[in-house]
Amino acid sequence: MAPGALTRERDIREAYTAHAAELYGFAVRSLGDSGLAEEAVQETFLRAWRAGDRFDPQIGSLRTWLFAILRNVVIDLSRARAARPGVAEGGIEPSVEPFDEALLAWQIEEAMRRIGEQHRRILVETYYRGRPYAEVAEELGIPEGTVKSRVYYGLRALRVVLEEMGYED
Amino acid sequence: MKTERCREWREALGAYALGHLPDEERVGLEAHLEGCPDCQAEADSLLAIAERLPHADPARFGPAPAPPPELGRRIAATIGAEKRSRRRHRRLRLGLGLSGATAVAAAAVLAIFVLTGNETGGPEQRVAFRSLPAGVAIAATPEPRAFGTEIHMYVAGIRSGTLCRVYMRGPGRTGASAGSFRYRWGGDDSAVLSAALDLSRAKALVVHAGNRTFVAPLGSAAAAFIDQPQEEEPT
């Protein structure tokens, strides 16, 4: 068993504290249903608990490992749901994106939530809404050059947050 | 190497990475990048970030939904149940009484998760009771056995000494007692019970703890019961 394996209930509790919010948020996005997302997160931690002795932090981060488990759980759930139509009625329309595409999207969305409002706003206005820098500058009451530098610092902030979140491994 | 020129160009790198730089400015910047590995490396790194932006949906930049607070407790309870049933030293093998379960009126709102995704009578169903009073956790793992069903129960957070009676409800008004156990602090908060009812025929798992009744629908019935308030009818 590798040092750092998840063998105690406390290890799972700590893993939950550190990663449950993110796994749940992603599961909601991916499954489009909060009840199914709870189910998926619960099953993820149960499988992690059962396979805890196989977790090796030398190989990959805990986050990566948990997301890999969640991936299998989501696939299982989607299959079960496909075989049982009508179970997940109501709520948000389930996303049809495959898991990996949803994960790519989630990573950026989560990073956007974590950077400052000023940085997020400037990236939304200039990039996602495609508005001219001059127009954004006028609306925000700042020089155009400041819009440009905020775009730069916004992207840097995004990069820092993505690295912190361990998305690179 | 950082120079005055770098400082001049650095803050344009964001707009450059997003493809927003006007042509003449872009040409000037690219000329600088040619001769400046530092700025080129920074540009490459920001381009890699920019490439990922189209995947995201800006409508989803708001706060992400948070997991309900009881989710952690439920997981801890289920793991606790599994752990204790693994190192089981006390086995309760109780009655096969196929009587109509004496039911108590209850209006608990319960929901259930059948996690393994099987329809009915799969190898194992783990059920967890939701919408329990704060601090109370009940988890159960019914498993099919030759004699009927073995149920690993785990209870936490109720008054010590509380008698917990467990029933399985079958089709119609049939039911099977799975026995009972007394909840005590520490160590004794879980039990392995057995019922004569086949798991594939079971519609619900019923736990009477003190004067409260908790119902967990099983199998295909579980889907229909999700989040629906239930009234127990006396039989």
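In this predicted model, helix H7 of chain A packs against helix H4 of chain B, which covers residues 37-52. Their axes lie 10 Å apart and cross at an angle of about 80°. H7(A) is therefore roughly perpendicular to H4(B), because angles of 65 to 115 degrees fall in that class.

Which residues meet at this crossing of H7(A) and H4(B)? From H7(A) come A:Leu155, A:Leu158 and A:Arg159. From H4(B) come B:Ser45, B:Leu46, B:Ile49 and B:Ala50. By type, the residues of this contact divide into 5 nonpolar, 1 polar and 1 charged.

Now step back to the whole contact between the chains. Chain A brings 46 residues to it, and chain B brings 41. On the side of chain A that touches chain B, several helices each supply at least two residues. They are H1 (9-31), H2 (34-50), H3 (62-82), H4 (99-114), H5 (117-128) and H7 (144-164). This side of chain A holds 24 nonpolar residues, 7 polar ones and 15 charged ones.

One of these helices, H1(A), deserves a second look. A straight helix of 23 residues would span 33 Å, at 1.5 Å a residue. H1(A) spans only 28 Å between its end C-alpha atoms. Where does H1(A) bend? The place is A:His19, and the bend there is about 55°. After H1(A) comes A:Gly32, which has a positive phi, near 70°.

Turn next to chain B. How many helices and strands does chain B have? There are 6 helices and 8 strands. Their order can be followed from the N terminus: five helices come before the eight strands, and a helix ends the run. Of the 235 residues of chain B, 39% count as buried. Take the contacts in chain B with a separation of 6 or more: residues 24 or more positions apart account for 62% of them.

A single residue brings the view down to the strands. B:Ala178 sits in strand S5 of chain B, which runs over residues 175-182. Is B:Ala178 buried or exposed? B:Ala178 counts as buried because 33 C-beta neighbours lie inside 10 Å, and the cut-off for buried is 20 or more. Another residue to find from here is B:Met168. B:Met168 and B:Ala178 are 10 residues apart in sequence. In space, their C-alpha atoms are 6.8 Å apart.

Notes
Residues are numbered from 1 along each chain as its sequence is written. Chains are lettered from A and ligands numbered from 1 in the order in which they are written. This is a predicted model: local features need pLDDT of at least 70, side-chain atom pairs count only at pLDDT 80 or more; totals for chains, interfaces and linings use all residues. Helices (H or I, at least four residues) and strands (E, at least two) are DSSP runs, numbered from the N terminus. A residue is buried if 20 or more other C-beta atoms lie within 10 Å of its own, exposed if 12 or fewer, and partly exposed in between; C-beta atoms are placed from the backbone. Two residues are in contact if their C-beta atoms, placed from the backbone, lie within 7 Å. Ala, Val, Leu, Ile, Met, Phe, Trp, Tyr, Cys and Pro count as nonpolar, Asp, Glu, Lys and Arg as charged, and the others, Gly among them, as polar. The expected span of a helix is 1.5 Å times one less than its number of residues. The bend at a residue is the angle between axes fitted to the seven residues ending there and the seven starting there. Axes are lines fitted to C-alpha atoms, for helices over the stretch in contact, and angles run from 0 to 180 degrees between N-to-C directions. Angles under 35 degrees count as roughly parallel, over 145 as roughly antiparallel, 65 to 115 as roughly perpendicular and the rest as oblique.
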